[in-house]
2 protein chains.
Amino acid sequence: MVFAREGFGRSTVEQVCEQAGFTRGAFYSNFTSLDELFLAIWEQRSEEMQSDLAAFLTQEPPPVTSLREAVEHVLSAVPLDDEWYRVTAEFTAHALRNPALRRVMAQREERIEAGLMPTLEALLARVGRRVIDPAALGPALVAVHDGTSVQCLIEPDNAAVLQRRTDLFVLLVTAHTVEADTDVTHTPPEETP
Amino acid sequence: MVFAREGFGRSTVEQVCEQAGFTRGAFYSNFTSLDELFLAIWEQRSEEMQSDLAAFLTQEPPPVTSLREAVEHVLSAVPLDDEWYRVTAEFTAHALRNPALRRVMAQREERIEAGLMPTLEALLARVGRRVIDPAALGPALVAVHDGTSVQCLIEPDNAAVLQRRTDLFVLLVTAHTVEADTDVTHTPPEETP
DNA sequence: TGTATCCGATACAGCTCTGTATCGGAAGGG
DNA sequence: CCCTTCCGATACAGAGCTGTATCGGATACA
């Protein structure tokens, strides 16, 4: 992928077309800009990753008995892809400039959360944990995922970073769940008073 | 700043020079690439922000009595700067491609953590909280900061996102601190067994 | 004051990318 | 079988950027 090699910003229509094996004429008759092309690619890949993950998590049997194992199990299936991170991060930064793109990004995140949370809740239920407020846990997971991904990719040989990442996820999930069959009101998630 | 307007990747030496009011000749006799220039800028700005924050946090009197107030107090002084985020995110993504740049980035983060943690620990001490393991809390704070910043900037009008950000920080700090004068071993931070 | 050094402005030659306009050919509908 | 429509390849003209090489002037130092 040209975007990964050159960076999204430094990629040109020419390069993309050359590497993909079609002409600039073909490009311009299908897309109006690289933004549009990339959004299409992202859309596709995003759905792939999501259904892959969902499939992995619902396969029989998920060999997890503790919350920590559940977290590790999920993380083992979330690819920490250098190239992909690089491109999406850059595009996200780029999208901040454009209100329309911002909205697209916000919707994408929402859709991902909506699609994934049920699966995660089901998995957590299997280790005896009930999510208190999925609408709060979702964004937090995304934030922690994004924030720790950079750290892991910047120090790819540092196992401690990966470890801290897992710890952080465990902490987060623990705080946002209760023992199954427990009344919510007993341990409310830490929220602004 | 050209980098913010055009994106780092789409910025050219020509544009940068024109806007900064010097010629390309001047640029090439001081830097070998835009990478080099941007690193210099970042270095400078990073130190500024750090000392500004430290100054703000040690000013008399910091009117905080609870952990949550302390978190809010700190966050009120951490600028959520659209343009700056955009550029640094893009550059970080770019840096992932280059081992040398990766090392520079890792060191920068380390330096920021080292410079800031003592101040934060002092502030937390004033609300009766002792940090268990600064070396674990630091990276987690950075990750959460980065991860939630995007979310806030993508939905700048959504107060709930900001709220969740604060909640997440509170959760994190709570888990990584104990009541002052308490023995560490009573409530170890959730770490990989 | 003369000389050495350095910095930065200008010029140069060449390359790459852009977006559109034109044109041929394939697919589909009547 | 013809006509229309659409897609994509090619051509075109223009614009912008790159990095270097050259040269003038300022500063420093003796």
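Between chain A and chain B the count of salt bridges is zero. Polar contacts do occur: the rule finds twelve residue pairs across this interface, both partners at pLDDT 80 or more. The model is a predicted one.

The elements that give two or more residues to chain A's side of the interface are helices H1 (2-6), H6 (82-95), H7 (99-126), H8 (134-154) and H9 (159-175). H8(A) gives the most, with 14 residues. By class, this side of chain A has 26 nonpolar, eleven polar and 16 charged residues. Charged residues are thus present on the chain A side, yet the salt-bridge count with chain B stays at zero.

How much area do chain A and chain B bury between them? The figure is about 4100 Å², with 63% of it on carbon and sulfur atoms. In contact terms, 53 residues of chain A meet 53 residues of chain B.

Now turn to the DNA. Strand C is surrounded by residues of chain A and of chain B. Chain A brings Thr12, Val13, Glu14, Gln15, Arg24 and Tyr28. Chain B brings Thr23, Gly25, Ala26, Ser29 and Asn30. Helix H2 (13-20) and H3 of chain A, together with H3 of chain B, each supply at least two residues of this surface. H2(A) gives the most, with three residues. By class, the surface near strand C has three nonpolar, six polar and two charged residues.

Which part of strand C does A:Arg24 approach? A polar side-chain atom of A:Arg24 lies 2.4 Å from a base oxygen. A:Val13 uses a backbone N or O atom, 3.2 Å from a phosphate oxygen of strand C. From chain B, an N or O atom in the side chain of Ser29 is 3.1 Å from a phosphate oxygen of strand C. Of the strand C atoms within 4 Å of the protein, 61% belong to sugar or phosphate and the rest to bases.

Strand D also has residues of both chains around it. From chain A come Thr23, Arg24, Gly25, Ala26, Ser29 and Asn30. From chain B come Thr12, Val13, Glu14, Gln15, Arg24 and Tyr28. These residues divide into three nonpolar, six polar and three charged.

Three side chains reach phosphate oxygens of strand D. A polar side-chain atom of B:Tyr28 lies 2.4 Å from one. For A:Asn30 the distance from a side-chain N or O atom is 2.9 Å. For B:Thr12 it is 3.3 Å, from a polar side-chain atom. The elements giving two or more residues to this surface are helix H3 (24-28) of chain A, with helices H2 (13-20) and H3 (24-28) of chain B. Of the strand D atoms within 4 Å of the protein, 59% are in sugar or phosphate and the rest in bases.

Technical notes:
Residues numbered from 1 in each chain as written. Chains lettered and ligands numbered in written order. Predicted model: local features only at pLDDT ≥ 70, side-chain atom pairs only at ≥ 80, totals over all residues. Heavy atoms only, no water. Contact = heavy atoms within 4.5 Å. Buried area = accessible area lost by both parts, 1.4 Å probe. Salt bridge = Lys/Arg side-chain N within 4 Å of Asp/Glu carboxyl O. Polar contact = N/O pair within 3.5 Å; in protein donor to acceptor, adjacent residues only side chain to side chain. Helix = DSSP H or I, 4+ residues; strand = E, 2+ residues; numbered from the N terminus. Nonpolar A, V, L, I, M, F, W, Y, C, P; charged D, E, K, R; others polar. Near = heavy atom within 4 Å.
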